[in-house]
Structure formats: C-alpha cells, structure tokens
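Open the model in your viewer and keep the selection box handy. We will go from one selection to the next, with a short look at each.

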Amino acid sequence: MTARILAVDDSPTIRGLVSSVLRRAGFEVYLAGDGVEGVGSLSDADPALIITDINMPRMDGFGLIEAVRATGEYSSVPILVLTTESSPELKARARNAGATGWIVKPFEDKHFVSVINRVLGR
Amino acid sequence: MSDMDEFLEMFFVECDELLEALSTGLRAMDSATGDVETVHSVFRAVHSMKGAAAAFGLSDLVTFAHRFETVLDELRSEKLDATQSVMVTLHRSSDFLSDLVTAARQSECADQARLKELLNELDDIIGHEDVSTEDEDEGIEFVPLTLDLTPLDGGTPLNTFQIIFSPDAELYRSGNDPVALLFSLQQLGETEVTIDHALVPLLRDWRAEETYLSWKVTLITDEPVGKVNEIFEFVADCAAIEISSFEQPIQNDFFEKNPVATVGSQEQKELANNPQNAEEHKSVELDENKSEKAAKTSNGPGGNANAAASIRVSLERVDKLMNMIGELVIKEAMLYQVIETAGLTNQPDVVSALDGIRQLAGDIQESVMSIRAQPLKLVFQRMHRIVREAADATGKKVRLDTIGENTEVDKTMIERLIDPLTHMIRNSVDHGLEDAVTRQRRGKALEGTITLSAAHRSGRVLIEVSDDGGGIDRERVRKIAEDRGLIAPGTQLSSSEIDSLLFLPGFSSKEQVSALSGRGVGLDVVRREIMSLGGRVMIQSTENKGTKFSITLPLTLAVLEGMLIQLGDQSMVLPITAVQETLRPSSSCLHYVGKTGKLLLNRGELIPIVDIACTFGIRDEPAPLEDGVLIVIENDSHRRAALFVDAIFDQRQVVIKSLEENYGKIPGVSAATILGDGNIALIIDPEEIIFASGMEHARNNLKIAAYG
C-alpha cells in the first residue's frame, strides 16, 4: 500500500528534495507552495500524512496545522513540521497548533523516512 | 548522489532569485519607498535561504543567514531603526551572502575573516550583551534533535525494557496514534503488551475525545535506550512515559541519575544550556503573529507564489533552435534564388507564397530571439554592489540610478556585458566623479550620481553610463597622449576626438595608479569587448557637468542586417549599421594625394577612399573609381572612410557564422555567412578597415589642408 504524503514548503528546492526522498522510499507525494495551497489541495491529495514548513507567505505552517485540525475529515492526519529551528518554544507552539512532530534540517534521508514510517506506524 | 547535486543546483537557482529579491528590497528600504511588507520580504528571502541551506548542511551560509535574519527580525519588529549605518551593514551582508552562495556553488571555502567581521558587525547592531554568542557561533541550527543513539554499554546484545505508556487526550489532538507507536516498538524487538483498562468509565460517562487506556510493554531488543526514546520523541509532552531497563547494571546506574529518560528532559537540558536561544525564539514568535496580521491586511505583496508561470530550458536547446532558424533563413534565400532562376518571379501566387514563408521565418526568428532575451536588470542589479564597493574604496559618496532595467537583450550579451560595465562603472566612480571637497567647491551635491540607463533605439540597444562629475580634462588627456606618443605633438583634434583617446590601448589618465580601476588599461579593453559583441562605444563629456559613455549593441549575435557587395569575383557583406551613404563619385568631389592617395569630399570633409578589393588582395591594382560605387562608412568615433566596391547587390539579413572558432582571425573580417546560392561570403569589420588602412592620422592632417 502506498501512503500519500502532502508536502508544503515555499522553497522549490526543499519541495524537490523532500519529494525525491519520499518517492524513492515508495510514497506518493503531493506538493503545495504555501499554507493556502496546502489546505486547498487536501481533498485532491487525500494525505495519510502532511509535512510542512513553518515560515511561508500567505499562510504559515501554524496556520496550516490549525486549518487542517479544524477540518472534519483530516483533523487526525499526522502533521510533521520540517524546520530549521529546534527550540522548545517552536515545538511548543507547533504542538499547540496541533502538530504531530518535527524534523529538524539538515535531515538525513534515512532518518527522515524512518520518522515518517514511525508516525504512520509502518 | 547525483540526485542531491540536482537539488543543490536548484537551490542555487533559487538563491539567485532570493538574492535579487533581497537586494531589491534593501534598495527600496534605502530610498524609504519600502513599507512593512518590504522588510518582511527581505526577511523571508534570508530566512528561505537559511532553511534550504540547512537542508544541504552548508554551515557558513546558515550561520551567516541566521545572524543576518536576526537583525532583520529586529527591524521588522521595529525594535531597530533602519539608520544609514544599519543599511550599509545590511547591504554588505547581502553582498557577502551572495559571495557565500558563490563559494558554496564552487564548493570553495568562504572568506572566514570576512565572515567573522560581518558577523561581528551584525552583532554590534543588535547589541549582543551576553556571553552566549559563543555558543551560537557553533551553530544552534545544527543541534538536531539530540537523541542519544549511541549504545551506552558498548553494544551488549540484548536489553530488556519495561515501558509504561499513558497518553493524554492531547496526543490524539496532535495526530499521534498510540497504535502506530506500539507498532514501532514491536519493530525494535520482541514485545509483550498488556493493556490497562482500569480507568475506562461506564458508557454514559465515556467521552470520545478523552483517553482512558494505558499500556505496559516489555521489550527485548538489541537496540539501545535511545531508539526507544526516539519512538516517543513526539509524544513526550502529551503522555506519561516511564522507561526502565532490567538486568543491565550499568544502565540501571544511568537510570538512577535520570529516572525517566524522555525527550522532554533533553529539551529541558537544551533550554538550560541555551537561554539565549529560548529568548530569541520568543521574539520570533511575537513577530510571526504580527506578520500574520500584516499578511491578512495586505494580502497582496506577500503572495509571490503566483509568480509568472515559466519553465527552465537549457540554453543549449535554445541555441540549437536559433541555429536551425539560421539555416531556415538561408534555405529561404536559396528557394528565392531557385524561383528567380526558374523565371517564376512574375507569378503572383508563387511570389505571395514565398513572401508568406519569409514573413513566417522572420516571426519565428523574432520569437526565438525573445526566448533568448533577458532583461538587463540581471546586469544592472550587480552594478549597485560595484558602486558600493567602489565608493567604499575611494571614500566618495555615490548613488547609482538605473533606468530601463527591463530592456531585454540577448542572453549571451548579458553575460558578456558584465565585465565591461563593471569596468566603466568603476571608472566613473574613480575618475569621473570628483572628491567631496571639489564637489562642494563647485556647488554640487556631495553625493555623486551615476546613471545607468538602457533603451531600445532603432533596432539596437542603447546603454548609457553617465556621471555628474567634472567631465574630461581635455588638456590633460592631450598632454598624456602626447607624452605617451599616442599622438604627434600639436595634432589638431576636435573635443570628441580627444575624448576618444581614452579608448586607445595603453592610455592611462590617472597618474597615480589606483587599486580600483587598475592601471587605466580598462577602457580599451572595454571597447574591444563591446566591439566583439557587434557594438560600439562613444564618449561625450561636458566640463563640470559630467561624462557619458554610450554603448550601442545589436539585438542578437546570430543574425545581422547587411549589405551584400561585390568585390572582383567575390561577394562580401558589410554591416548596415556602419553604412552612412552610398554614392557614385563624380569627378568634382574626388581629390588625389600623391600617387595612390584618393579622397572623397563628402559633407564638407575629405575622407579617405579605400579600395577594399586591394586590401583583401582580391586584385593587385586599384580599379578606376568610375567603374564602381562608393560606400561611406562611419565608426564609433565618427571617423569615416569611403569603401570602393564594384557593385551593391541588395540589403538582407545574414546568419552570422563565426570564423574564429573554426578557422582563425582574419584582419578586417568579423565573421562569415552562407548565401542563398550556397556560397560563403565574408562579413567585413568596418572598424578594422578604417584602422587597417592607417588613415586616421592622415585624415587629421588632410582636414587642415582642405580648409587651410
């Protein structure tokens, strides 16, 4: 079974990197450029897991997480925050918004995939 | 691995865009045209670069971007004012950030001294008062989740852990799933799971979003405790987790000191070690709230996600297309020739069909040219930095104004314009503008202005670099040229001719060699480079008002509008841009000097007549002037010559084929082309013809003779 993952990041480089790593790990990947696009593509992507950046134009990662949690259908989808910062404050804030977990850059392919698998219980 | 390289390349392209946004934003802040959104966009540009750089582990870039971002953050939260000195540092930082990207791109090590210097400069702005900066230098960004993955006991095969796991309701709200966690534990080794359902209430008291269950897991695994902790990484704050190990005396010790080794406790440690870090992120948080508000109210400028849809195509493919268009133009000319030979030119439908093809070929050519066209912005933007650096080096205050940045020219030209423009800009700052004292004496603004402008002018591109400096000191220029033996003492020269002396090789007007513009070898190199692009440079100067360099360039390097001429049994092409007029000479305007010197009286000037068939060795003896046509050509510096040719065929577009690549440089010839009949015609370089004929000095002297 391939799990679908929605990756939201305003940097095309990170989107490319994330999708390449995930596709090689056998996931089906959907991409969005910011929070607004991310929320808009929920029903198309129908994700089993969402990965999001924090600092993005229009709607940031926190906004996205809150918006996803507020939906009926996707409120329990795991959301991982992909971030440069690892401060407890940031994590607390992400957690308050409803984030499942976080991955700190620079990420290493194997670790990245293993965290995702873990959250998905695979 | 090559995958990574590809993304790295993508990252660099993204960086270029972000750097451009950054420098545009900073300039808007300079001129106070920037609003809150400008500061946000500048911040975002640096932040995005940091984020992506971190993914690739480019530590210098991340460290620097981080500090840069901290300062920008203070600015956007209005804790700091964008004073002039702050802006100077921001510009420098932006320049250096660009250097760091370049260094990373070339896998080189960045200038560490400069890095340290600028980091300190940025620190000074925020006024770091405490000692924790040292820690920060190590790069907090690189403290990934510090889970202890190393086995504590040097890899003893089997550990037994007992894990008690009681999730809060919060765990469900954050999208974590106890079942997934249990599965993960199972993958570490052999597990025995017991469920504690003692807290499950009666159905009427049962609430769906609450948690009532807890689990006790006994895990036998060869993995260290770190692996177990890792599984609970994300739920440490929303579940009660107790992990204890059996039959491992060493580890028991460990657990005595750290009864519950959870991720949470590690975070505490991290926090304790890094109070600076915590504080900093508090401020980020505040500001992000603000930025959200700003985004909601403005809604527009931040949304650059809707940038123009575009694709990236390798230049090679476009070049190939351009070559094929060139071939098409040639084939079309051939077709015309065939039709002409067949005597079909009087057939209207044939002619109109041919016209259709010609029109289409022209349109396609134009479209391909527009694909290759890029805005001069790409070059102009760099010049701000050049001006800043040059101003720093000379201690002058200089402002650069740019006009017509969006004027498009061929991609190749963009690249090859960078060096000459850099040189000219430096030259303008160094030699063109006066120092502050002189400017004050002359009643000018202390800040000198250099204007860089671009525009399309009758099928060519005109680029001008002008300064509001003192203008060219012609007396000095003349003296230097005489001293260097570039002109004979006492030679009569017009003002514009004196100005043109600056372009002569070996001319240096600066008596003191300056580090910036070097030994003044610049301008002749500039001129050569521009000429190799099929362009010309002119100079205009007004005393006390300033100096203006004008560059005109063709729109493309691939085709050329030319005049097809006949020389003996050969066809040659003369670029139409050089042609001033064509005429059949009447004896009244012909003058003879000595045995071979022939002159044409044209527009009140005597200009040398060049029999180019002789110059190129097509015939040995000059043909009688009555048998041919004269074409008056003019070069950059308004020097003219009349070329004698046997006949003029027509004016046409020709595809430029470089000779130098495959054959070598021929004096007086710039390139070659293929004609409709398949023959090769050489393209004449008018500039070199005028030079090679050695008529320059002769002409100056003859002018006197004609009027004196």
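Among contacts in chain A between residues at least 6 apart in sequence, what percentage join residues at least 24 apart? The answer is 58%. Keep in mind as you go that this is a predicted model.

**Stop 1: chain A**

Select chain A and colour by secondary structure. You should find six helices and five strands, and following the sequence they come in the pattern β-α-β-α-α-β-α-β-α-β-α. Of the 122 residues in this chain, 61% are buried.

Now select residues 61-70 and 88-97 of chain A, which are helices α4(A) and α5(A). Their axes come within 8 Å and cross at roughly 25°. Angles under 35 degrees count as roughly parallel, so α4(A) is roughly parallel to α5(A). Show side chains where the two meet: α4(A) brings Phe62(A), Ile65(A) and Glu66(A), while α5(A) brings Arg93(A), Ala94(A) and Ala97(A). Sorted by class, this contact holds four nonpolar residues, two charged ones and no polar ones.

**Stop 2: chain B as a whole**

Switch to chain B, where there are 23 helices and 22 strands. Buried residues account for 33% of its 708 residues. Of the contacts in chain B between residues at least 6 apart in sequence, 70% join residues at least 24 apart.

**Stop 3: the helices at the start of chain B**

Select residues 84-105 of chain B to bring up helix α4(B). How does its length compare with expectation? At 1.5 Å a residue, its 22 residues should span 32 Å, and the end C-alpha atoms are 31 Å apart, which agrees. The buried residues of α4(B) include Leu90(B), Ser94(B), Leu97(B) and Val101(B). An α-helix has 3.6 residues a turn, so residues three or four places apart point the same way. After the helix comes Ser107(B), with a positive phi near 50°.

Keep Ser94(B) on screen and add Glu20(B): they are 74 residues apart along the chain, yet their C-alpha atoms are separated by 9.6 Å. Glu20(B) belongs to helix α1(B), residues 2-30. Is Glu20(B) buried or partly exposed? Glu20(B) has 16 other C-beta atoms within 10 Å, so it is partly exposed.

**Stop 4: a longer selection, 315-341**

Next, select residues 315-341 of chain B, helix α13(B). Its 27 residues should span 39 Å at 1.5 Å a residue, and the end C-alpha atoms are 39 Å apart, which agrees. Highlight Met322(B), Ile325(B), Gly326(B), Val329(B) and Ala333(B), the buried residues of this helix. To see some of what covers them, add α14 (348-372), β12 (559-567) and β20 (647-655) of chain B. Past the helix, Gly343(B) has a positive phi, near 70°.

**Stop 5: a five-stranded sheet**

Show the strands β6, β8, β9, β11 and β10 of chain B. They form an open sheet in the order β6-β8-β9-β11-β10, with mixed pairing. Why do β6(B) and β10(B) each have one side without a neighbour in the sheet? β6 (398-403) and β10 (536-542) stand at the edges, each with a single partner strand, so one side of each is left free of a neighbour there. On average, neighbouring strands are turned by 15° against each other, direction ignored.

Zoom in on β10(B) and β11(B), residues 546-554: the two run antiparallel and are joined by seven bridges. Here Thr542(B) stands opposite Gly546(B).

Now add two helices. α15(B), residues 377-394, packs on the sheet by touching β6(B) and β8(B), with its direction at about 165° to that of β6(B). α16(B), residues 411-432, lies across β6, β8, β9 and β11 of chain B and runs at about 20° to β9(B).

**Stop 6: a buried strand**

Finish with residues 640-645 of chain B, strand β19(B). Six of its six residues are buried, so the strand is largely enclosed by the rest of the structure. Arg640(B), Ala642(B) and Phe644(B) point one way, and Ala641(B), Leu643(B) and Val645(B) the other.

Add the pairing strands. β17(B), residues 605-611, pairs with β19(B) in the parallel sense over three bridges, and Asp611(B) has Phe644(B) as its bridge partner. β18(B), residues 629-634, pairs with β19(B) in the antiparallel sense over six bridges, with Ile631(B) bridged to Leu643(B).

Methods: Residues numbered from 1 in each chain as written. Chains lettered and ligands numbered in written order. Predicted model: local features only at pLDDT ≥ 70, side-chain atom pairs only at ≥ 80, totals over all residues. Helix = DSSP H or I, 4+ residues; strand = E, 2+ residues; numbered from the N terminus. Buried ≥ 20, exposed ≤ 12 C-beta atoms within 10 Å, placed from the backbone. Contact = placed C-beta atoms within 7 Å. Pairing = 2+ DSSP bridges. Axes fitted to C-alpha atoms, helices over the stretch in contact; angles between N-to-C directions. Parallel < 35°, antiparallel > 145°, perpendicular 65-115°, else oblique. Nonpolar A, V, L, I, M, F, W, Y, C, P; charged D, E, K, R; others polar. Expected span 1.5 Å × (residues − 1).
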